[in-house]
Structure formats: C-alpha cells, structure tokens
Amino acid sequence: MSINGKAYIVGAYEHPTRKADNASVAQLHAEVAYGALQDAGLSHDDIDGYFCTGAAPASDR
C-alpha cells in the first residue's frame with residue numbers, strides 16, 4: 001500500500017482548559033477533535049481515522 005497520489009488534511013486544536021476535573025478524557029478528546037475539524041474546515045463525514053497520543057492519562061474517575 002502506498003500513499004502516493006493521496007492527500008491528507010490535518011486540523012489542529014489546543015483545548016483551552018488546562019485542568020478539567022469535571023470532564024472525562026473521552027469528552028476532552030471529542031472536544032479537541034471537533035476543534036481540529038473546525039480548523040481544517042471539515043465535518044465528521046470527512047473523517048477516515050482518529051489518532052491520538054498514548055500519553056493521555058488513564059481514566060481513574
């Protein structure tokens with residue numbers, strides 16, 4: 001499989017909250033994904049995959 005001839009669009013978004021005790025990791029991921037889509041001018045119908053860092057804290061709530 002080759003990526004030759006394919007295009008990838010990436011949006012970026014940094015969540016404004018530094019300490020979000022009232023939000024789950026999954027909710028923060030959803031909000032950041034939404035912000036990145038807005039940045040790229042895309043909708044959820046344009047998504048083929050979602051990748052995030054493995055550094056996300058484990059949910060212990």
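Let's start with how the chain folds back on itself: in the protein chain, 50% of the contacts (heavy atoms within 4.5 Å) with a separation of 6 or more come from residues 24 or more positions apart. Keep in mind that this is a predicted model, where local features need pLDDT of at least 70, side-chain atom pairs count only at pLDDT 80 or more, and totals for chains, interfaces and linings use all residues. Residues are numbered from 1 along each chain as its sequence is written, and side-chain values use heavy atoms, leaving out hydrogens and water.

Now look for the regular pieces. The protein chain has 1 helix and 0 strands; these are DSSP runs, numbered from the N terminus, with helices being H or I of at least four residues and strands E of at least two. The helix, α1, has 16 residues and spans 22 Å from its first C-alpha to its last, close to the 22 Å expected (1.5 Å times one less than its number of residues). Just after α1, you'll meet Gly41 with a positive phi of about 75°.

What about burial? Of the 61 residues in the protein chain, 10% count as buried, meaning under 20% relative accessible area, with exposed over 50% and partly exposed in between (1.4 Å probe, protein chains only). In α1, the buried residues are Gly35, Ala36 and Leu37. Cys52 sits in the segment after α1 (25-40) and counts as partly exposed because its relative accessibility is 46%.

Finally, there's 1 salt bridge, defined as a side-chain nitrogen of Lys or Arg within 4 Å of a carboxyl oxygen of Asp or Glu. Asp21 pairs with Lys19, their closest N and O atoms 3.8 Å apart, and both Asp21 and Lys19 are exposed.
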